[in-house]
Amino acid sequence: MGKASWIMREGRLRLLLSVVLIFGLLMVPLSGCTTPEPEDEAEETVEEVKDPYVIGAVLSLTGSFAGLGEPEKNTIEMEVERINEAGGVNGHPIEVIYEDDATDPETAVAATARLIDKDNVLAIIGSSGTGATMGMRGEINRAGIPQVSLAGGTVITADFDPLVFQTPWSNALVIPYTIDYIKAQEITKIGLVTDTGGFGADGLAVWKDLAPGAGIEIVEEQTFNPGDTDMSGQLTRIRATDAQAVVMWSAGREAATVAQNMADLGMEIPLIGSHGNARVEFIQGAGEAAEGFRFAAGKVLIPETYGTDTESYQVAVDFIERYTERYGKAPDTFAGHAYDGLYLVVEAMKRLDEGFTSADLRDEIEKTSGFVGIGGVFTFSETNHNGLTADDLVFYEVKDGAWILAE
Amino acid sequence: MGTAELLQFAIAGLKNGSIYALVALGFTIVYASTGVINFAQGEFVMLGGMLSWWSYSMFDVPLVVAGLMGVALTAVVGIVFELVAIRPRKDGNPLALIIITVGGSLLLSSLARHAFGPLEKSLPAFTPGPSFRVLGAAIDRQTLWIFALTAIAVVLLSLLYTRTRVGKAMRACSIDRSAARLVGVDPRSMVTLSFALAAALGALAGLATTPLTQTAFNIGPSFGIKGFAAAILGGLGNPFAAVIGGLTLGLLESMSIAFISSTFKDAISLLVLLLVLFVRPQGMFGRAVREKV
């Protein structure tokens, strides 16, 4: 027996618990080990260049939202280069310090503290996820600097904080828009399937809040965990009801499994998703089962929907072309959120006088009016820090493996 | 609830259970040869899907070839991992080895993150087509593949253990290392072989699920914990126990969804696991071990 019996002596229960604990730790990938950004190389030309304006970016570059963090970082890197080549902000170059929160709220808090205390940032962009964004709030308040979140949770701006702004369409915006669409299809009974992560849980709460008032009955309510490999059980529960459509609120890769399971179960009713599914990877993962899938999202997926004679169209097409040329693929909606987040801060800086403080910057971001971004046209107010409207959304349908406008 | 629905839940449970079983087999094999829980087992599942995807998209080969390449490459990773990380620790202290596998797990997922990027990858179904109907329940083709691959793996593994010299040598080493060495078996190469087998079985699970669920660099730990739970439930004993453990866990989960709530399915199945262990600490099919001095 010898070594093999070591575990036996310790008792399997204790082994089980310790193994579960260690796996728990493994699920939170190593974090806090961000690569330090190289110092600004412009320092040789000391005389002409003024001190850089430093912005922090807390993004989910690893962990389950890594697919969001990557296009976001790509976008910020590309746009910062462009801004600095064009002379920066009133002669000051922009410097962005990136931190990876590993899709973990606690890591996001630590990263935020570092950016504030060590790097003295003027503002923070991020995080990619709702949970991390909310976690950062304490540090943001301590330092009194503005935060522009790239996450879509309603709670971010509904639980109002004067320092916090948000660039994606929140669930509070998308869900009423989706409800209107569903009603137009004469659907009154839905089965709801959501993930237990921040985005899904937020969506579930908003659906339960708004659907009854709009005359939509949620006949079945099912959840799944991020990482689950099969949702046919949950869907079987929905199939057993008289639901006329399945509504899914989930931003992860599991969404593709839901679509596949529905097709495998032979469910004929439509599957309606969210702006969290506006990703090519969803179509690739679901394959045939993605056909007919419908969801509301911003106009960047089909720029023509902005109207070809609008400024939005010009801005979006220019961004899409530059991004595609540099990274070899078209930007997704998350890249758009990062574009909006960066320019909301930078444009506010441009409007301010030399020597402004973080508090001035916050006030100036709040004065943003009619800023034409990728996600839509932003107008903030003292009570609205989301700034978008339902006019910035359209309904898409997947057809032949690509997005088209749903009728 | 009608028969058709009950059957549907059973199919879903058996499908997940088969995957858990494949992962559990890997735990069992490494445990038998080294006496440690290999925390990198879930990463082998991830690598199986990833490397198959890589072979498929890089070399433009048929899916079956890409799948075999994925499994074979993962087995090579398992061998390298054992040679580089496990073998140099000559005293075989289980605690040290467990920590090494934890580190290996983090290393493998970080490497995959950098080699393949953070986005999810997909593979086409092995045999595309509509699902079959059995007594009103639907059963899709990929699920049948998962059942078949699990069954084949178990049969081959049993044959290996009972009919071949190598398999008998592996069993001999797990029963008594020094006695096996006395009759001319090299225990170290048996450990290497067990890592190769465990990696290949994990990779098979990753390959079989990727068409359904996609794969990504960070899926390892969630497969790992499910497979580990299945292995413990079965009793870490033999391949048969691992399979029963896996299927039981899968069925528990899907019946939790059917009769209680999808929100608590993981909690319920872990609770049952704890209860089983209170009653039978050695698992359902494990032998009670007495320490001989």
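This is a short tour of a predicted model, one selection at a time.

Before you start clicking, residues count from 1 along each chain as its sequence is written, while chains are lettered from A and ligands numbered from 1 in the order in which they are written. Because the model is predicted, local features need pLDDT of at least 70 and side-chain atom pairs count only at pLDDT 80 or more, whereas totals for chains, interfaces and linings use all residues.

**Stop 1: chain A as a whole**

Select chain A and switch on the cartoon view. You will find 15 helices and 14 strands; these are DSSP runs, with helices being H or I of at least four residues and strands E of at least two, numbered from the N terminus. Of the 407 residues in chain A, 54% are buried, a label that requires 20 or more other C-beta atoms within 10 Å of the residue's own, with C-beta atoms placed from the backbone.

**Stop 2: the two domains of chain A**

Now colour 49-168 + 313-389 as domain 1 and 172-302 + 393-405 as domain 2; such bounds come from an automatic or database domain assignment. Taken over C-alpha atoms, the domain centres are 28 Å apart. Where they touch, 19 residues of domain 1 are in contact with 15 residues of domain 2, contact meaning that C-beta atoms, placed from the backbone, lie within 7 Å. On the domain 1 side, select helix H5 (130-135), helix H7 (155-158) and helix H14 (333-351) of chain A, which each give two or more residues. That side has 5 nonpolar, 13 polar and 1 charged residues. Here Ala, Val, Leu, Ile, Met, Phe, Trp, Tyr, Cys and Pro count as nonpolar, Asp, Glu, Lys and Arg as charged, and the others, Gly among them, as polar.

**Stop 3: where chain A meets chain B**

Bring chain B into view: 52 residues of chain A are in contact with 51 residues of chain B. Among the elements of chain A that each supply at least two residues are strand S7 (217-224) and helix H3 (66-85). Select H2(A) next, as it gives the most to this side, with 9 residues. By class, the chain A side has 20 nonpolar, 23 polar and 9 charged residues.

**Stop 4: a helix pair in chain B**

Finish with helix H6 (residues 165-175) and helix H8 (residues 187-213) of chain B, whose axes come within 10 Å and cross at roughly 110 degrees. Axes are lines fitted to C-alpha atoms over the stretch in contact, and angles run from 0 to 180 degrees between N-to-C directions. The crossing makes H6(B) roughly perpendicular to H8(B), a term for 65 to 115 degrees. Show side chains for Ala169(B), Met170(B) and Cys173(B) of H6(B), then Pro187(B), Met190(B), Leu193(B) and Ser194(B) of H8(B), which make the contact.

Technical notes
Two residues are in contact if their C-beta atoms, placed from the backbone, lie within 7 Å. A residue is buried if 20 or more other C-beta atoms lie within 10 Å of its own, exposed if 12 or fewer, and partly exposed in between; C-beta atoms are placed from the backbone. Angles under 35 degrees count as roughly parallel, over 145 as roughly antiparallel, 65 to 115 as roughly perpendicular and the rest as oblique.
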